[in-house]
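Below are my notes on this structure, set out as numbered points for someone who has not seen it before. Please read them with the model open.

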Amino acid sequence: MLSYLTRRLTESFLVLAVMSLLIYLLIGLMPGDPIDIMIFSDPEMTPAEAARLRVLYGLDQPILQRYLAWLGNALTGDFGYSRLYNQPTLDILLPRLGNTVILMGLSFILALAIALPAGIYAATRPQSPVDHAINLVAFAGISMPPFWLAILLIILFAVTLGWLPAGGMGDGRDGWDDLRHLVLPVLALTIATVGGVIRFMRAAAIETLRQDYVRTALAKGLSGRQVVIGHVLRNAMIPVVTILALQMGNLFSGALITEQIFAYLGMGKTIYDAVIGNDYNVALVGLLLATLTTLLANLLADLAYSWLDPRISYQ
Amino acid sequence: MRHFILTLILAAGLLATAGSLAGPSPAAAAEELRIGISQYPTTLHPSREPSVAKSYVASMTRRPMTVYDQQWELICMLCTELPSIEAGTAVPEDLPEGVEGAGDGRGIALTYTIRPDATWGDGTPVSTKDVLFTWKAGRHPTAGIGNLELFRRIHAIDVIDNKTFVMHADRISFEYAAINDFRILPAHIEEAVFDAAPEDYRNRTAFDTDPTKRGLYYGPYRITEIVPGSRVVLERNDTWWGKPPAFDRVTVLTIEKTTALEANLLSGSIDMISGELGLTLDQALAFEKRHGDRFNVIYKPGLLYEHIDLMLDNPILADKRVRQALVYALDREAINERLFEGHQPIAHTSISPLDWVYYKDVKKYPYDPAKAAELLNAAGWSQLRGGIRYNAAGEPLQLEFMTTAGSRVRELVQQVLQSQWKQLGIDVRVRNEPPRVFFGQTVHERRFTGLVMFAWGSSPENAPRSTMHSEEIPAEENGWSGQNYTGFKNAEMDELIEAINLELNRANREQMWHRLQEIYAEEVPAIPLYWRANPYILPKWLKGVRPTGQQASSTLWIEDWTVEGR
């Protein structure tokens with residue numbers, strides 16, 4: 001197991017190194033640079049001034065040279081400054097990473113809490129009215145565009161009823177206020193996520209319910225609940241864990257549209273703004289963090305397989 | 001089933017509890033004003049990376065030495081009196097050896113006095129020490145201060161006393177007294193940071209590392225809290241010398257999605273939406289129809305000039321008759337009336353009708369399809385086949401028309417223009433690009449072949465050097481610098497642009513401006529469309545907000561904002 005872990009972690013490090021180069025090149029190859037953005041903000045900027053600023057920010061250097069300089073600094077823990085906020089990159093990213101983990105984590109837990117029992121319940125009663133109702137809810141969640149759903153929630157709960165804030169974040173001093181700001185974005189994300197997980201869970205559980213060992217367990221006299229919890233749930237979780245592992249990457253890369261509509265300071269919006277605003281350092285480190293978490297989540301998923309199914313082992 | 005229903009009930013319960021316990025959405029307290037804007041300022045340093053968002057926030061915390069007011073007249077804000085040649089406080093002088101000027105080779109000595117009651121938020125007087133430090137930092141090549149040219153043009157500063165100084169500029173321009181961009185920095189906080197490592201000053205300035213420090217501000221408000229990307233909170237500055245502002249606290253919230261901005265206003269999370277960075281005009285018009293009874297909407301046309309640059313290297317567009325025909329073919333009045341309900345005045349040249357140098361008798365292009373057809377026929381585009389005009393060589397009159405993809409208003413206008421040109425047999429093909437590609441490459445490197453639609457910002461009486469002078473055509477040889485994207489070359493225009501800045505006589509200057517506009521209107525290097533209007537969405541109880549229509553933010557006069565019947 002230790003050698004397996006070492007190998008996977010080494011692979012992850014190599015993937016990160018390659019990704020850092022690719023992301024840097026892709027951002028660098030996009031048209032325009034930070035100085036172009038300044039020129040459009042200030043039409044009176046002279047060509048000499050623009051050239052001076054390009055030299056000052058190192059933008060006159062070839063892109064590979066800039067990447068190597070960045071990499072050298074990054075290896076010493078210096079990820080540079082954010083151009084958009086003029087703050088150290090990690091000072092900008094880490095609080096937003098925390099915000100995203102709270103937002104996405106809560107919606108993820110809530111989605112699982114609803115989807116797993118709902119999926120199993122529907123699977124044990126296929127084609128029943130309840131199954132149809134659960135499927136209807138699942139498809140509604142999958143097919144509703146997130147931006148439309150978010151606006152709908154704002155209109156209902158913030159504008160019409162006036163129960164909850166329409167957007168923004170609490171100031172961190174009042175826990176209740178912070179929670180109130182979280183309700184609508186968490187709800188929007190949960191509704192968007194829950195449908196897909198219900199469908200996966202239902203399909204996996206139906207497949208498992210057909211297995212011989214389920215029939216054997218029932219024949220041995222175990223109750224339906226014991227069979228579902230002891231045998232069906234555990235085995236049906238294997239394909240679902242794969243899907244959840246892929247979604248784990250989103251936990252850290254954020255949900256751009258939801259964050260934008262609710263003016264929530266998360267990773268999705270931060271990375272998007274950084275790419276659009278030529279904030280190389282923030283975009284690069286943000287995307288690398290998202291890559292890293294996806295890799296780690298997949299590693300955890302692989303480890304979970306062996307826990308769920310003891311026949312799977314890693315050497 | 002029971003568990004499932006229980007989970008749903010719990011989720012619904014959480015929502016209902018959150019609402020019922022919270023009560024109605026907390027409208028801002030009586031002493032607080034919450035403003036929504038759609039962009040967050042990049043840095044709070046006064047002299048780095050100019051942006052509308054920064055100007056909006058910073059204008060509450062400081063006052064420029066000089067500025068153009070709501071009537072577009074130059075006024076003193078931090079100084080006591082504008083220097084003038086007539087009063088003897090602006091004295092033309094010979095330049096010292098080694099200083100290269102412009103025009104007649106003479107410079108000017110300008111005497112300014114800082115308001116005696118001007119004090120930084122920590123009680124330190126605003127003084128000539130701050131002026132000298134600002135100049136020192138501004139001139140440093142690696143300090144990262146913008147507008148280095150301004151600081152280089154000031155070749156010396158003589159200190160008379162703590163409040164009075166004489167600034168020696170290396171040229172005499174008509175706006176010699178304007179030092180709007182000379183933004184005073186607090187020497188008692190920033191000088192030590194700067195001296196320690198000038199090349200790293202841009203990263204270590206207290207405006208970004210410790211932005212709530214009292215001593216950084218001297219306006220009616222000071223910044224007390226910042227959440228980067230989200231909000232800036234300002235509270236009264238005890239050392240402010242002017243009229244006390246109405247609000248104890250102002251919170252500027254950044255909400256980028258304009259639909260969310262509107263929802264926040266309706267839910268009471270914010271009190272107003274700034275016009276400088278807020279709703280688009282079409283959104284504001286729709287908003288006013290639905291909620292005009294609860295809010296005042298002010299539409300202020302300004303110096304944002306929406307236009308279409310024409311690629312003059314394209315043989316079709318090189319012909320002046322075709323360019324003129326393109327304008328005659330457009331019913332811009334109808335577009336303004338139907339799409340903008342008359343709030344965006346038609347542009348006839350690049351000079352705003354609100355600017356005193358505007359020439360009201362300049363050649364205009366009313367909607368005249370017959371005249372347009374006549375011009376196209378004269379230019380050789382006379383054969384009409386399948387609704388498209390062709391020339392004698394059998395080439396179609398076909399042009400590519402580009403703008404920023406995703407900009408709803410622009411794309412709507414673009415469709416209308418395309419259909420109006422089509423009626424005359426001009427085959428206009430639309431190809432839009434994301435803003436970053438459009439501005440960063442297509443426009444910046446002159447890669448477009450036909451028409452590109454975008455807007456320019458400007459300031460009052462601003463000679464269009466960067467957009468009209470032949471030396472400002474971007475090319476690989478000059479590192480794509482300059483903004484004369486059309487490739488317009490006109491010797492008389494070049495001379496006028498250079499001469500206007502150096503002409504002190506107002507009447508003479510006015511004549512030069514008139515001639516400049518005549519050339520523009522005759523040559524049509526670009527198709528002027530309209531002057532964009534900024535919509536300010538204000539609560540009925542807020543009075544005294546006066547947009548300027550130019551670069552100066554409405555918040556520069558926030559002490560005049562009052563509350564009536566809240």
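1. Chain A is divided into two domains, domain 1 covering 2-75 and domain 2 covering 89-308. The model is a predicted one. From the C-alpha centre of domain 1 of chain A to that of domain 2 of chain A is 32 Å. To the contact between them, domain 1 of chain A contributes 13 residues and domain 2 of chain A contributes 12 residues.

2. Which elements of domain 1 of chain A give two or more residues to the side that touches domain 2 of chain A? They are helix 1 (2-29) and helix 2 (34-41) of chain A. Helix 1 of chain A gives the most to that side, with 9 residues. By class, the side of domain 1 of chain A that touches domain 2 of chain A has 8 nonpolar, 3 polar and 2 charged residues.

3. As for secondary structure, chain A has 13 helices and 0 strands. Its pattern along the sequence is accordingly written with α throughout: α-α-α-α-α-α-α-α-α-α-α-α-α. The C-alpha trace of chain A spans about 85 × 60 × 35 Å along its principal axes. Chain A has 315 residues, of which 43% count as buried. Among contacts in chain A with a separation of 6 or more, 70% are between residues 24 or more positions apart.

4. A:Phe13 is a residue of helix 1 of chain A. Is A:Phe13 buried or exposed? A:Phe13 counts as exposed, because it has 12 C-beta neighbours inside 10 Å. Between the C-alpha atoms of A:Phe13 and A:Ala219 there are 50 Å, and the two residues are 206 residues apart along the chain.

5. A:Ile191 can be set beside that case. A:Ile191 belongs to helix 8 of chain A. A:Ile191 is buried, because 22 other C-beta atoms lie within 10 Å. Leaving aside neighbours within four places in sequence, A:Ile191 is in contact with A:Gly141, A:Met144 and A:Leu149. Of these partners, A:Leu149 is 42 residues apart from A:Ile191 in sequence, and the C-alpha atoms of the two are 8.7 Å apart in space.

6. The largest nonpolar core has 140 residues, and the members that touch the most others are A:Ile154, A:Met201 and B:Ile537. Helix 8 of chain A, residues 175-209, gives the most to this core, with 17 residues. Which residues does A:Met201 touch, not counting those up to four places away in sequence? The contacts of A:Met201 are A:Ala115, A:Leu116, A:Gly119, A:Ile120, A:Ala236 and A:Val240. Another core lies apart from the largest one and has 58 residues, among them B:Ala372, B:Trp381, B:Ile500 and B:Tyr520.

7. Next, the contact between the chains. It takes 53 residues from chain B and 55 residues from chain A. On the side of chain B that touches chain A, at least two residues each come from helix 1 (2-22), helix 4 (148-153), strand 10 (249-254), helix 8 (258-267) and helix 15 (435-443) of chain B. The largest share of that side comes from helix 1 of chain B, with 8 residues. The side of chain B that touches chain A divides into 19 nonpolar, 28 polar and 6 charged residues.

8. In chain B, strand 15 (residues 398-402) and strand 16 (residues 427-430) run parallel and are joined by 4 bridges. One of the residues involved is B:Leu399, whose bridge partner in strand 16 of chain B is B:Val428. With helix 14 of chain B (residues 408-422), strand 15 and strand 16 of chain B make a right-handed β-α-β unit.

9. B:Val322 lies in helix 11 of chain B, residues 320-328. Why does B:Val322 count as buried? B:Val322 is buried because 24 other C-beta atoms lie within 10 Å, and the cut-off for a buried residue is 20 or more. Apart from neighbours within four places in sequence, B:Val322 is in contact with B:Ile316, B:Leu317, B:Leu376 and B:Ala379. B:Val322 and B:Ala379 are 57 residues apart along the chain, and their C-alpha atoms are separated by 6.8 Å.

Definitions and conventions: Residues are numbered from 1 along each chain as its sequence is written. Chains are lettered from A and ligands numbered from 1 in the order in which they are written. This is a predicted model: local features need pLDDT of at least 70, side-chain atom pairs count only at pLDDT 80 or more; totals for chains, interfaces and linings use all residues. Two residues are in contact if their C-beta atoms, placed from the backbone, lie within 7 Å. Ala, Val, Leu, Ile, Met, Phe, Trp, Tyr, Cys and Pro count as nonpolar, Asp, Glu, Lys and Arg as charged, and the others, Gly among them, as polar. Domain bounds come from an automatic or database domain assignment. A nonpolar core is a set of buried Ala, Val, Leu, Ile, Met, Phe, Trp, Tyr and Cys residues joined through C-beta atoms within 7 Å. Two strands pair if DSSP finds at least two bridges between them. A crossover is right-handed if, with the strands pointing away from the viewer, the path from the first strand over the helix to the second runs clockwise.
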